[in-house]
Amino acid sequence: MKLLDFLQQRNIPHEVAGNKVLVNDSLDLCGTQITELPEGLNVGGFLDLCGTQITELPESFSCESLYLAPENFKEVESKANCGAHSRAIFVLINKGEFYVAAGCFFDTFTKFCEAVNGIYSGDSAENYIADAQECIDKLTANLASAA
């Protein structure tokens, strides 16, 4: 099923502007038959892809926070039990940059480091950032070996 069909069937408010699909609120696709996301998808809240048949992410999308099952994606690296709240973190490439998803956070690695340093200090901050860097290193190695 295509995302636009799903949005229309469920009466989920959205806009289509050229090649972009804009959803102002959160978008829970958990358990749906959606198989792919369009480029330029912009979700104003969280985007939940757990339990979907989606296995690849578009090269460019945005959302406030991202939830997915990393084992379903070949271009996502993850690590469990990170940070003070033992969250799973995910790293992927979006818009040509490394993005980190951790709890309600989804943004570039640089923004992740800024957020972590603003909330945590000392070893807690360093370890959380090191966990994300470890995922980046693994993803980089996996992508290089696949090329």
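In this predicted model, strands β8 and β9 pair in the antiparallel sense over five bridges. They belong to a chain whose secondary structure comes to three helices and eleven strands. The largest pocket has a volume of about 240 Å³, and Ile-93, a residue of β9, is among the residues closest to its centre.

**Overall fold**

- Read from the start of the sequence, the elements follow the pattern α-β-β-β-β-β-β-β-β-β-β-β-α-α.
- The radius of gyration of the chain is 16 Å, which agrees with the value near 15 Å for a compact globule of 147 residues.
- The C-alpha trace spans about 50 × 35 × 25 Å along its principal axes.
- Buried residues make up 38% of the 147 in the chain.
- Of the contacts between residues at least 6 apart in sequence, 29% join residues at least 24 apart.

**The β8–β9 hairpin**

- Strand β8 covers residues 76–82 and β9 covers 87–94.
- Within this antiparallel pair, Val-76 stands opposite Leu-92 in β9.
- Four residues lie between the two strands of the hairpin, and Gly-83 takes a positive phi near 75°.
- Ser-86 is in the loop between β8 and β9, and has a positive phi of about 50° although it is not a glycine.
- Most residues other than glycine have a negative phi.
- Ser-86 counts as partly exposed because its relative accessibility is 45%, between the limits of 20% and 50%.

**After β9**

- The loop that follows β9 leads to β10 (97–102) and contains Lys-95.
- Lys-95 is another non-glycine residue with a positive phi, in this case about 55°.
- With a relative accessible area of 41%, Lys-95 is partly exposed.

**Ile-93 and the largest pocket**

- The largest pocket is lined by 14 residues, and those closest to its centre are Leu-57, Pro-58, Glu-59, Glu-75 and Ile-93.
- The lining divides into seven nonpolar, two polar and five charged residues.
- Ile-93 is found in strand β9 and is partly exposed, at 36% relative accessibility.
- Leaving aside residues up to four places away in sequence, Ile-93 touches Phe-98, Leu-139 and Leu-143.
- Ile-93 and Ser-60 are separated by 33 residues in sequence, while their C-alpha atoms are 8.9 Å apart in space.

**Strands β1, β2 and β4**

- Strand β1 (residues 15–17) runs antiparallel to β2, and three bridges join them.
- Val-16 stands opposite Val-21 in β2.
- The hairpin of β1 and β2 has two residues between the strands, and Gly-18 in its turn has a positive phi of about 65°.
- β2 is also joined by three bridges to strand β4 (residues 41–43), and this pair runs parallel.
- Val-21 stands opposite Leu-41 in β4, as well as opposite Val-16.
- In a regular strand the side chains alternate between the two faces of the sheet.
- Strand β2 (residues 20–23) shows this alternation: Val-21 and Val-23 point to one face and are buried, whereas Lys-20 and Leu-22 point to the other and are not buried.

**The open sheet of β3, β5 and β7**

- Three strands, in the order β3-β5-β7, form an open sheet with parallel pairing.
- β3 (27–28) and β7 (65–67) stand at the edges and each has a single partner strand, so one side of each is left without a neighbour in the sheet.
- Strand β5 (residues 46–48) pairs with β7 in the parallel sense over three bridges.
- In this pair, Leu-47 stands opposite Leu-66 in β7.

Terms used: Residues are numbered from 1 along each chain as its sequence is written. This is a predicted model: local features need pLDDT of at least 70, side-chain atom pairs count only at pLDDT 80 or more; totals for chains, interfaces and linings use all residues. Side-chain values use heavy atoms; hydrogens and water are left out. On a 1 Å grid over the protein atoms alone, a cavity is a set of points where a 1.4 Å probe fits but cannot get out, and a pocket is an open set with protein on both sides within 12 Å along at least five of seven lines; lining residues have an atom within 4 Å of a point. Grid points are joined across faces, edges and corners, and a volume is the space filled by probe spheres set on the points. Ala, Val, Leu, Ile, Met, Phe, Trp, Tyr, Cys and Pro count as nonpolar, Asp, Glu, Lys and Arg as charged, and the others, Gly among them, as polar. Two strands pair if DSSP finds at least two bridges between them. Buried means under 20% relative accessible area, exposed over 50%, partly exposed in between (1.4 Å probe, protein chains only). The radius of gyration is taken over C-alpha atoms; the globule rule is 2.2 Å times the number of residues to the power 0.38. Contact means heavy atoms within 4.5 Å.
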